[in-house]
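Colleague: Could you take me slowly through one part of this model, the place where two of its chains meet, and then follow the picture inward from there? I am new to this, so please name the pieces as you go.

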Amino acid sequence: MSKILDVTRELIVIKAQGLTFTYSGSKKPAIENLNLEVEEGEFIVITGPSGCGKTTFARCLNALIPSFYRGEMKGSISVLGIDISKSTTSQLSKYVGFVFQNPENQLFSLSVERDVAFGPENLGLPREEVRRRVEWAMKVTGITHLRHAAPYELSGGQQQRVAIASVLAMKPKIIVLDEPTSFLDPLSAHQIVETVSNLRREMEITIILIEHRLDLASRYADRVIIMDRGRIILEGPPSKVYGEHAEAIGVGIPKISLLFNLLKRDGYDLGCTPVTLEEATQTIRRRILDDRS
Amino acid sequence: MSLKLFEGFRFTGKPTPIHRMDPRPKLLIASSIFLLSIIFTNIIVLLILLIGQLPLIYLAKSLRRWSNSLRGGAVLATLIFIMNFLTGSTLTFSLSMTLRFLVLISAFSLFFLTTSPDDLGLVLEKLHLPYTLSFTFTTAVRLVPTVALEAQTIVDAQRSRGLELDRGNIIERLRRHIPILIPLIVSAIRRSTELAEALESRAFGSCENRESLITLHMKLTDYFVVIATIIILLIGIFVRFWVPLPSLDENIRLPSIWG
Amino acid sequence: MIEVKNLHFSYDGNEVLHNVSITIHDGEFIAIMGENGAGKTTLIKHFNGLLKPSKGEVLIDGVSTREETVASLSRKVGLVFQNPDHQLFSETVFQEVAFSMRNYGYPEETIRRRVKFILETLDLSSYADTSPFMLSGGERKRVALASILVSDPKHIVLDEPTIGQDHQQKEKLKNFIVQMNTQGRTVVIVTHDVEFVVECRPKVILLSKGSILAEGPYDEILSDEDLVRRASLIPPQIGLLMSSLKDLGFNPAILDVYQAKSAIERRLLSNVSKTL
């Protein structure tokens, strides 16, 4: 998906320079020499084999590193101009929302409404403002009808939507999601990624999505970042990044992208690496019909 | 037995007048029953206290779950009876002590079945307990069913590796529960860490004067319940100290070994 | 052989499984698929007796599960749970893996031999004296797998083995599972990972809301888009691609990326030859 209005999206919201972090007690850095700039409103997908450092990087975005996870940080990372190394998660929570992998362990209340209200309550907002935000967040994520339900009785997909709503109620500028679809079935996973993409589109929220399920996430991504062993190896629009190198690293690129790579290696270069089904279908159709004429 | 006991205290949201009641009058009811059961040893009164809860439980549509709490407490109740009887008390007295225990379990079972831990937290806040403390309490209560479910999954997983929990003497059985206990504890630690991360990320503890979205409101019916309960409590106290009650005058007891 | 005959199972007043009948022959490779809550985990818990039928019966190698203990059924049916952290409790990986065989009463020498063997097979030998809690998520999953396979059960059932695994881990898992089946063991996987199933090529049983929707070879079932969506799953990407190119003569039952590649190449070649 291409950036339509480049001019308006020049605000850099995340800037990492030479970012290196070693967890205390560990000998090797979990992330090493990361250099990255993210513009406001971008939809970034970060992927890579287990242990590549994607979660570590995500934790830096809302200061879980270094305030919750101790260790040695070198280089710099600033989010919305705030120096992470000198901040706490509480301070960042107004600007960066974090949705975790396990749907159940991030919700704690006995009603969805109260869980969503929790964040804004913690910000010390007056009751009417909290109410407004709760209604809005539930509407946007489509869970208003679940307001009195107990989160632990909901399905995984519903729970993740509650988690997103509870983060949204804090009106963050950036939302980070760490493998939010891991425990979900394919349909729920699809709905979550779609919900997140709608957020980005309607509210200009910057999205950082850590995912293995690239077949679901790629169509929405402005850029895909592939990490391996703590470093950024590839970065760019998905169609540029899902090549042989990505395969070699061991990333699960969408099957249609793999198909075109295989065809290209056999001498049938169809001219692009598709990221969506429609793109793949159109390209093949055109090639076959063109060939005939 | 143990997991059934939990079921008798786990909140389930139902649209009944008891559930809808403000938690404070409910706490007053439970505490009043508790108080009355302590000042009386008369077996008839204790029986009335126990049976008198039935209409409330029926209104709360929680008969089955309530009976779980009684069943779960049956072992302890029997123990109390035996302890009393063996140390020389009369049959009636021992039964009274047993009944007192059951009345207690029942009253608090009724309370916890119909009161959401969130509401409990709000009550604690009204009592000016620091927010972090009341939050810790309600989260612990809310996690009880989750932990119970997880314990069941762990039991299933270990039984699938040939673990037999109901063989051997007491000591062996305790040892056999180690493969259940350790994953449970590790899981609890992991869950707490994940929850803490999530709470930090939502600014938990960053504000001293937080306003809760949902607040407690006493309705007219709640005030009536409070008044009625206080009246019953006062009558009970009056009866205990100023009204002679019929008692079962028997002297069935064990021959005194203790002199 | 695992036989499920008219199985009904109710829990807490709800019927979770309605009239399920399945026969899994020795050495078969089966994938039980469906959305979360369809009853898949409930079904497989009947295979080793953790759950007993409310109505109907389940027979393992001819014996009803009502007549055997879970411990004894576990020797025939190895059930690998989804979350390895629900199992791990020992001081070393060796002890952890040896646990089941010690419960079954095998002699220590046999246990030592088999544990060593399974650790080698699953690439865990270097961790034999390590605490299982020190290992990474993927490694812990392998330890859990090893601890069930060590006693070499005839039938192996894996509940959602691909959850939380990255692409490479899934590749290795696929190869391992296929190998177990080739070696003669019955393998049943419960999963909603459609792409994984396409690579494993098992027979598929679709479960939805407690009843069987369909059963058959994986390519027949997964290329039926309507059926797949009714089970709240997403059809394989290649299948959707081939299906939308149906009018150009492509076979919509092609689900594998390599088969699709060959089909497209054949078509492009035949185009060239036509123009010549």
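Modeller: This is a predicted model, and the part to begin with is the contact between chain C and chain A, to which chain C gives 33 residues and chain A gives 33 residues. On the side of chain C that touches chain A, the elements giving two or more residues are α5 (137-149), α6 (167-182), α7 (194-200), α10 (237-244) and α11 (257-275) of chain C. Of these, α11(C) gives the most, with eight residues. If you sort the residues on this side of chain C by class, you find 13 that are nonpolar, 14 that are polar and six that are charged.

From this surface we can turn to the interior, where the largest nonpolar core has 181 residues, and where Ile44(A), Val97(C), Ala146(C) and Val197(C) are the ones that touch the most other members. Ala146(C) deserves a closer look: when its neighbours within four places in sequence are left aside, Ala146(C) is in contact with Val97(C), Ile118(C), Leu119(C), Leu122(C) and Leu124(C). Apart from this largest core there is a second, separate one of 30 residues, which includes Leu110(A), Met21(B), Leu46(B) and Leu102(B).

Val97(C) also leads us to a pair of helices in chain C, namely α3 (residues 93-104) and α4 (residues 108-121), which pack at an angle of about 130° with their axes 10 Å apart. Because of that angle, α3(C) counts as oblique to α4(C), and the crossing of the two helices is right-handed. On the α3(C) side the contact is made by Phe94(C), Val97(C), Ala98(C), Met101(C) and Arg102(C), while α4(C) brings Ile111(C), Arg114(C), Val115(C), Ile118(C) and Leu119(C). By class, this contact between α3(C) and α4(C) has eight nonpolar residues, two charged residues and no polar ones.

To finish, chain A has another partner to consider, for 32 residues of chain A are in contact with 26 residues of chain B. On the side of chain A that touches chain B, at least two residues each are supplied by α3 (89-92), α4 (112-122) and α5 (127-140) of chain A. The largest share of that side comes from α4(A), which provides six residues. Sorted by class, the side of chain A that touches chain B has 15 nonpolar, 13 polar and four charged residues.

Conventions
Residues numbered from 1 in each chain as written. Chains lettered and ligands numbered in written order. Predicted model: local features only at pLDDT ≥ 70, side-chain atom pairs only at ≥ 80, totals over all residues. Core = buried A, V, L, I, M, F, W, Y, C linked by C-beta atoms within 7 Å. Buried ≥ 20, exposed ≤ 12 C-beta atoms within 10 Å, placed from the backbone. Contact = placed C-beta atoms within 7 Å. Axes fitted to C-alpha atoms, helices over the stretch in contact; angles between N-to-C directions. Helix = DSSP H or I, 4+ residues; strand = E, 2+ residues; numbered from the N terminus. Parallel < 35°, antiparallel > 145°, perpendicular 65-115°, else oblique. Left-handed = near helix turned anticlockwise from the far one by under 90°. Nonpolar A, V, L, I, M, F, W, Y, C, P; charged D, E, K, R; others polar.
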